[in-house]
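Hi everyone, thanks for coming. Please pull up the structure on your screens, and let's walk through it together.

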Amino acid sequence: MTRMPLMAGNWKMNLNHLEAIAHTQKLAFALADKDYEAVEVAVLPPFTDLRGVQTLVDGDKLKIKYGAQDISAHDSGAYTGEISGAMLSKLKCTYVAIGHSERRQYHNETDDLCNAKVKAAYRHGLTPILCVGEGLEIRKAGQQVQYTLNQVDGALKDIPAEQAESIVIAYEPVWAIGTGEVATPEDAQEVCGAIRGRLAELYSQELADKVRIQYGGSVKSGNVAAIMAQPDVDGALVGGAALDADEFVKIVRFRDQ
Ligand SMILES: O=C[C@H](O)COP(=O)(O)O
């Protein structure tokens with residue numbers, strides 16, 4: 001089964017709304033139709049950038065997809081500081097990251113909350129990029145597969161197959177995020193393969209074969225090809241390297257690296 005690779009740039013808390021427009025224009029200028037035929041390209045800017053990115057993408061009919069880095073579990077109301085799925089879908093977001101390790105670590109997000117956010121995303125026609133992955137202690141104990149599969153189970157609780165078949169799962173070992181310490185291609189394959197196996201158990205092999213599983217953690221143009229060569233890795237969730245447009249374009253063109 002061929003799955004369209006998804007290269008997504010998670011800008012995290014970087015680039016203001018003016019910088020976001022300049023950065024997206026630079027990407028749009030560099031990317032050609034043949035890039036989009038081979039790879040789906042997405043950016044996940046901060047909330048305050050989304051309107052600017054939308055205006056650019058709509059106005060110039062760009063093929064870059066975009067989405068948010070988080071979503072509220074609630075649809076509206078007295079939740080100061082939160083952004084709802086309805087607001088994101090009104091801005092024509094395609095994707096929303098859920099359960100990024102930085103949200104789990106600094107905002108105490110649990111698997112139950114991730115599950116509620118996955119449901120909120122689907123209520124509003126957004127595609128979740130569910131982030132999972134173990135910390136260093138878990139890795140040292142050799143528990144990375146079980147730990148990550150528990151996160152998958154928790155976030156997908158009561159999610160029907162008709163929804164789950166469109167999910168994207170990003171395996172991001174926490175010890176490899178922003179550290180320059182990339183997982184080996186074999187490390188990435190071990191867990192990504194196990195995630196696909198779990199999807200087959202929870203749903204069906206047919207569904208598992210459709211779902212795109214990304215690797216994230218210090219992905220750069222120099223290591224992306226080896227990671228993408230793994231059978232169960234269908235893309236990358238890129239942090240730091242996505243802030244450099246030239247570098248991100250090289251990652252999108254991983255087959256040339
Ligand atoms: O969402 C992206 C990941 O946290 C990876 O970040 P990084 O590429 O800077 O290691």
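Let's start with Ala42, whose bridge partner in β3 is Lys65. Keep in mind as we go that this is a predicted model. That pair belongs to a parallel pairing: strand β2, residues 40–44, is joined to strand β3, residues 65–68, by two bridges. How does the chain get from β2 to β3? It goes through helix α3, residues 50–59, and this β-α-β crossover is right-handed.

Now move one strand along. β3 also pairs with strand β4, residues 95–98, again in the parallel sense and over two bridges. Here you can look for Ala68, which has Val96 as its bridge partner in β4. And there is a helix for this step too: β3, helix α4 (residues 85–90) and β4 form a right-handed β-α-β unit. While you have strands on the screen, here is a handy thing to remember: in a regular strand, side chains alternate between the two faces of the sheet.

Next, the binding site. The unreviewed UniProt entry lists Asn10, Trp11, Lys12, Gly178, Ser218, Gly239 and Gly240 under "binding site". Those residues span 231 residues in sequence, but no two of their C-alpha atoms are more than 13.8 Å apart, so they gather at one spot.

Let's visit two of them. Asn10 sits in strand β1, which covers residues 6–10. Is Asn10 buried or exposed? It has 26 other C-beta atoms within 10 Å, and the cut-off for buried is 20 or more, so Asn10 is buried. Leaving out residues up to four places away in sequence, Asn10 touches Leu44, Gln69, Ala97, Leu237, Val238, Gly239 and Ala242. You may recognise Gly239 there, since UniProt lists Gly239 for the binding site as well.

Our second stop is Ser218, found in the loop between β7 (212–216) and α12 (224–228). Ser218 has 21 C-beta neighbours inside 10 Å, so it counts as buried. With the same sequence neighbours left out, its contacts are Ala176, Thr179, Gly180, Glu181 and Val182.

Finally, let's look at the ligand. How many residues surround the ligand? There are 14, and the closest are Asn10, Ile177, Gly216, Gly239 and Gly240. So what kinds of residue make up this shell? Five are nonpolar, eight are polar and one is charged. Asn10 brings us back to where the two views meet: UniProt lists Asn10 for the binding site, and Asn10 is one of the residues closest to the ligand.

Note on methods: Residues are numbered from 1 along each chain as its sequence is written. This is a predicted model: local features need pLDDT of at least 70, side-chain atom pairs count only at pLDDT 80 or more; totals for chains, interfaces and linings use all residues. UniProt positions are given in the numbering used here, feature names are shortened, and annotations may be inferred rather than shown by experiment. Helices (H or I, at least four residues) and strands (E, at least two) are DSSP runs, numbered from the N terminus. A residue is buried if 20 or more other C-beta atoms lie within 10 Å of its own, exposed if 12 or fewer, and partly exposed in between; C-beta atoms are placed from the backbone. Two residues are in contact if their C-beta atoms, placed from the backbone, lie within 7 Å. A residue is near a molecule or strand if its C-beta atom, placed from the backbone, lies within 6 Å of it. Ala, Val, Leu, Ile, Met, Phe, Trp, Tyr, Cys and Pro count as nonpolar, Asp, Glu, Lys and Arg as charged, and the others, Gly among them, as polar. Two strands pair if DSSP finds at least two bridges between them. A crossover is right-handed if, with the strands pointing away from the viewer, the path from the first strand over the helix to the second runs clockwise.
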